[in-house]
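User: Hi! I'm new to protein structures and would like to walk through this one. Could you help me read its sheet?

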Amino acid sequence: MRRILAVDDDHDILEILQFILEDSGYQVDTLSDGRHLMQKINEIHPDLILLDIMLGSLDGRELCKALKKDESTNNIPVIMISASHSVAKTLNQSGAPNDFIAKPFDINNLLNKVKTHLQAA
């Protein structure tokens with residue numbers, strides 16, 4: 001069973017993501033505080049990370065850059081989730097996420113992107 005880590009400071013979004021993804025056969029862990037991201041990754045070894053951009057005082061884009069620069073995590077696909085559509089323009093930059101999903105998200109789009117990146121990983 002593939003393991004997904006969903007990171008968002010909105011507990012309602014985390015519950016929705018967990019429900020949708022578990023219903024589709026994935027094992028899902030959630031995290032509401034980006035400061036514990038590396039600790040959680042080392043604990044559960046996710047196959048894919050769904051990462052919100054606005055995490056309280058933290059910027060998910062900076063967390064993503066750190067993940068992509070670290071040899072132990074740079075192979076984990078990261079899909080950014082945000083209401084800000086400008087993130088999609090940064091996908092080809094260094095340290096950028098593997099993909100982007102706009103909020104509010106379409107369930108089929110979410111599942112298709114997750115499946116695509118897990119198959120490629």
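User: Which residue in E7 is the bridge partner of Ile81?

Analyst: Happy to help, and do keep in mind that this is a predicted model. Strand E6 covers residues 78–82, and E6 pairs with E7 in the parallel sense over 4 bridges. One pair to look at joins Ile79 to Asp99 in E7. For Ile81, the bridge partner in E7 is Ile101.

User: Are the residues on the two faces of strand E7 buried or exposed?

Analyst: Side chains in a regular strand alternate between the two faces of the sheet. In E7, residues 99–102, Asp99 and Ile101 lie on one side, with Phe100 and Ala102 on the other. Both faces are covered, and these four residues are all buried.

User: Which strands are the edge strands of the sheet?

Analyst: Try following the order of the 5 strands in this open, parallel sheet: E2-E1-E3-E6-E7. An edge strand here pairs on one side only. That gives strand E2 (27–31) and E7.

User: What angle does the direction of helix H1 make with that of E2?

Analyst: The sheet itself has a twist averaging 20° from one strand to the next. Helix H1, residues 11–23, packs on the sheet and touches E1, E2, E3 and E6. Its direction and that of E2 make an angle of about 170°.

User: Which strands does helix H2 lie across?

Analyst: Look for H2 at residues 37–44. This helix runs at about 165° to E1. The strands it lies across are E1, E2 and E3.

How values were computed:
Residues numbered from 1 in each chain as written. Predicted model: local features only at pLDDT ≥ 70, side-chain atom pairs only at ≥ 80, totals over all residues. Heavy atoms only, no water. Buried < 20%, exposed > 50% of the residue type's maximum accessible area, 1.4 Å probe, protein only. Pairing = 2+ DSSP bridges. Axes fitted to C-alpha atoms, helices over the stretch in contact; angles between N-to-C directions. Contact = heavy atoms within 4.5 Å.
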